[in-house]
Amino acid sequence: MKSLLPFRPWAIFLFASLFLISCNDDDDEGLQVQPHDQSVMMGIMHDMMDEMEGMPMNEDPDIVFAKMMMMHHQGAIEMANEELGSGDATEIKALATKIKADQQAEIQELQMFVDSYQPDQASSSMFNMELMESMEKAGKQSDLQVLTGDTDQDFAQLMIVHHQSAIENARSVMEHGTSPEIKEMAHMMINAQMAEILELQDWLLANKGY
């Protein structure tokens with residue numbers, strides 16, 4: 001039995017072209033990338049790193065750690081403020097609220113320490129080198145992050161890098177410092193920020209758009 005419809009090769013070509021266009025459109029809806037120089041969150045990270053890199057490091061390691069960590073914490077607070085102002089995800093905004101409150105309280109503790117502590121050792125070149133290496137690594141890692149322009153996603157990505165840097169610095173002062181107070185604060189920072197990294201990773205895995 002002959003087909004009642006004439007064979008038209010151009011129709012097959014048109015259908016195939018539309019199918020490919022449709023597939024490409026679906027792909028385009030996957031991962032959307034934002035240039036770093038357009039990211040408010042990345043700008044906060046860069047400003048924080050610039051401030052830390054400009055800090056003199058010719059003092060007792062406990063004092064150097066406390067002063068640097070105050071700058072580091074302030075960066076996290078500003079990132080949390082951006083998340084609270086522009087983010088949408090309930091879980092991430094709740095974590096940002098916690099991070100902000102915790103790091104504000106720790107800044108006050110660190111400032112009280114700096115104001116009252118009597119240094120008991122000279123500057124440590126080994127400690128300073130570890131801090132510089134940690135800052136350099138964090139800077140490179142943040143610049144390697146794929147940012148989407150989605151505040152929740154970008155906050156989570158960059159806060160992981162931020163926390164990893166703080167953990168490394170805390171471990172360094174636990175090795176090179178002498179203050180029991182700073183060692184205890186560093187230990188608490190490590191535990192708290194490792195737990196928050198896990199929360200951020202779990203949320204990203206559950207909510208990534210690619």
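## Starting at helix 5

Let us begin with one residue: M132 lies in helix 5, which covers residues 125-144. This is a predicted model, and the values that follow are computed from it. Is M132 buried, partly exposed or exposed? With a relative accessibility of 39%, M132 counts as partly exposed, because that class sits between the 20% limit for buried and the 50% limit for exposed. Look along the chain as well: M132 and M57 are 75 residues apart in sequence, while their C-alpha atoms are separated by 10.0 Å.

Helix 5 also holds M129. M129 has a relative accessible area of 41%, so this residue is partly exposed. From M129 to M57 there are 72 residues along the sequence, and 10.0 Å in space from C-alpha to C-alpha.

## The whole chain

Now step back to the full protein chain. How many helices and how many strands does the protein chain have? The secondary structure comes to seven helices and zero strands. Reading along the sequence gives the pattern α-α-α-α-α-α-α.

The protein chain has 210 residues, and 42% of them count as buried. Contacts tell us about the fold too: take those in the protein chain with a separation of 6 or more, and 80% of them are between residues 24 or more positions apart.

## A buried residue in helix 3

F65 makes a good contrast with the two methionines. You will find F65 in helix 3. Its relative accessibility is 2%, and because buried means under 20%, F65 counts as buried.

Which residues does F65 touch, leaving out those up to four places away in sequence? They are F127, N169, A170, V173, I182, A186 and M189. You can also trace the path from F65 to L110: the two are 45 residues apart in sequence, yet the C-alpha to C-alpha distance is 9.2 Å.

## Helix 3 against helix 7

Three of the residues that F65 touches, namely I182, A186 and M189, appear again when we look at how two helices pack. Two packed helices are described by the angle between their axes and the distance between the axes. For helix 3 (residues 61-86) and helix 7 (residues 180-207), the angle is about 35 degrees and the axes are 11 Å apart. The crossing of these two helices is left-handed.

Which residues meet here? On the helix 3 side they are D62, F65, A66, M69 and H73, and on the helix 7 side I182, A186, M189 and Q193. Sorted by class, the contact between helix 3 and helix 7 has six nonpolar residues, two polar ones and one charged one.

## The largest pocket

Finally, turn to the largest pocket, which holds about 200 Å³ of space. Its lining is made of 13 residues, and those nearest the centre of the pocket are D102, E106, M188, M189 and A192. Notice M189, which also belongs to the contact of helix 7 with helix 3.

Which elements give two or more residues to the lining? They are helix 4 (90-116) and helix 7. Helix 4 supplies the largest share, seven residues. By class, the lining of the largest pocket has six nonpolar, two polar and five charged residues.

Notes: Residues numbered from 1 in each chain as written. Predicted model: local features only at pLDDT ≥ 70, side-chain atom pairs only at ≥ 80, totals over all residues. Heavy atoms only, no water. Axes fitted to C-alpha atoms, helices over the stretch in contact; angles between N-to-C directions. Helix = DSSP H or I, 4+ residues; strand = E, 2+ residues; numbered from the N terminus. Left-handed = near helix turned anticlockwise from the far one by under 90°. Contact = heavy atoms within 4.5 Å. Nonpolar A, V, L, I, M, F, W, Y, C, P; charged D, E, K, R; others polar. 1 Å grid on protein atoms, 1.4 Å probe; cavity = no way out; pocket = protein on both sides within 12 Å on 5 of 7 lines; lining within 4 Å. Points joined across faces, edges and corners; volume = space filled by probe spheres on them. Buried < 20%, exposed > 50% of the residue type's maximum accessible area, 1.4 Å probe, protein only.
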